[in-house]
Amino acid sequence: MKPTPNTPPTGEPFPLQASSEESLDALIQRVDGMSEVELDHLPLGMIQLDGQGRILKFNKTEASLARIQAREQIGKNFFYDVAPCTRVRQFYGLFQEGVRAKKLYQTFGFVFRFAHGARHVAITLFYSEKTNSVWVLVSDKKMPGEQG
């Protein structure tokens with residue numbers, strides 16, 4: 001059975017337009033086999049986490065948007081060392097439940113608050129049975145009226 005992403009509540013961002021949902025599904029199906037270079041060339045942030053939340057892969061797209069160095073994130077705990085703002089029920093709780101159940105495919109809106117400004121994003125969490133890991137897909141979406 002093909003996973004179906006949850007539709008975010010009205011007004012929240014969505015990672016790809018409805019017509020691109022198949023593209024998101026296709027990406028999720030092949031992400032485990034992608035090289036570092038392929039991951040770096042994707043138009044959205046891609047972070048792979050082990051079951052404890054340690055970063056296994058962190059693409060350059062996400063590093064650029066977050067204004068951090070991708071290679072320096074490898075091995076760090078995403079929820080404690082890199083993005084402690086994600087240590088909330090909506091994000092970390094879903095991650096933990098997905099790891100326990102070995103099943104996760106959830107999309108939701110989230111706001112990262114950086115010193116350089118707020119970043120409104122759509123997050124898709126996907127559990128990979130193939131690698132026993134969770135992929136965090138981050139898609140930038142500007143809110144209405146936002147400049148930049």
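Which residue in S5 stands opposite Thr 124? In this predicted model, that spot is taken by Leu 137. The chain has 148 residues, with 5 helices and 5 strands. Here's a quick tour, from the overall layout to the sheet, the helix that sits on it and the nonpolar cores.

**Overall layout**
- Going along the sequence, you'll meet the elements in the pattern α-α-β-β-α-α-α-β-β-β.
- Buried residues make up 45% of the chain.
- If you take contacts between residues at least 6 apart in sequence, 42% of them join residues at least 24 apart.
- The chain's accessible surface is about 8,300 Å², and carbon and sulfur atoms account for 51% of that.

**The sheet**
- The 5 strands line up as an open sheet in the order S2-S1-S5-S4-S3, with antiparallel pairing.
- Strand S2 (55-58) and strand S3 (105-114) sit at the edges, so to speak, each pairing on one side only.
- On average, neighbouring strands are turned by 25 degrees against each other, ignoring direction.

**Strand pairs to look at**
- S3 and S4 run antiparallel and are joined by 10 bridges.
- These two strands, S3 and S4, make a hairpin, with 2 residues between them.
- Want a landmark in that pair? Find Phe 108, whose bridge partner in S4 is Ile 123.
- On to the next pair: strand S4 (residues 117-128) and strand S5 (residues 133-140) are antiparallel too, pairing over 8 bridges.
- Thr 124 and Leu 137, the two residues from the opening question, stand opposite each other, with Leu 137 in S5.

**The helix on the sheet**
- Helix H5 (residues 89-101) packs on the sheet and touches strand S1 (45-49), S3, S4 and S5.
- The direction of H5 makes about 145 degrees with that of S3.

**Nonpolar cores**
- The largest nonpolar core has 24 residues.
- Leu 49, Phe 78, Phe 91, Phe 112, Ile 123, Leu 125 and Val 136 have the most contacts inside this core.
- Two or more residues come from each of S1, S2, helix H4 (78-82), H5, S3, S4 and S5.
- Leu 49 is a handy one to click on: leaving out residues up to four places away in sequence, Leu 49 touches Arg 54, Ile 55, Leu 56, Phe 78, Phe 79, Phe 95, Ser 133, Val 134 and Val 136.
- Another core, of 13 residues, lies apart from the largest one and includes Val 31, Leu 44, Phe 126 and Trp 135.

Note on methods
Residues numbered from 1 in each chain as written. Predicted model: local features only at pLDDT ≥ 70, side-chain atom pairs only at ≥ 80, totals over all residues. Heavy atoms only, no water. Pairing = 2+ DSSP bridges. Helix = DSSP H or I, 4+ residues; strand = E, 2+ residues; numbered from the N terminus. Axes fitted to C-alpha atoms, helices over the stretch in contact; angles between N-to-C directions. Contact = heavy atoms within 4.5 Å. Buried < 20%, exposed > 50% of the residue type's maximum accessible area, 1.4 Å probe, protein only. Areas by Shrake-Rupley, 256 points an atom, 1.4 Å probe, with all protein chains shown as cover. Core = buried A, V, L, I, M, F, W, Y, C linked by side-chain atoms within 4.5 Å.
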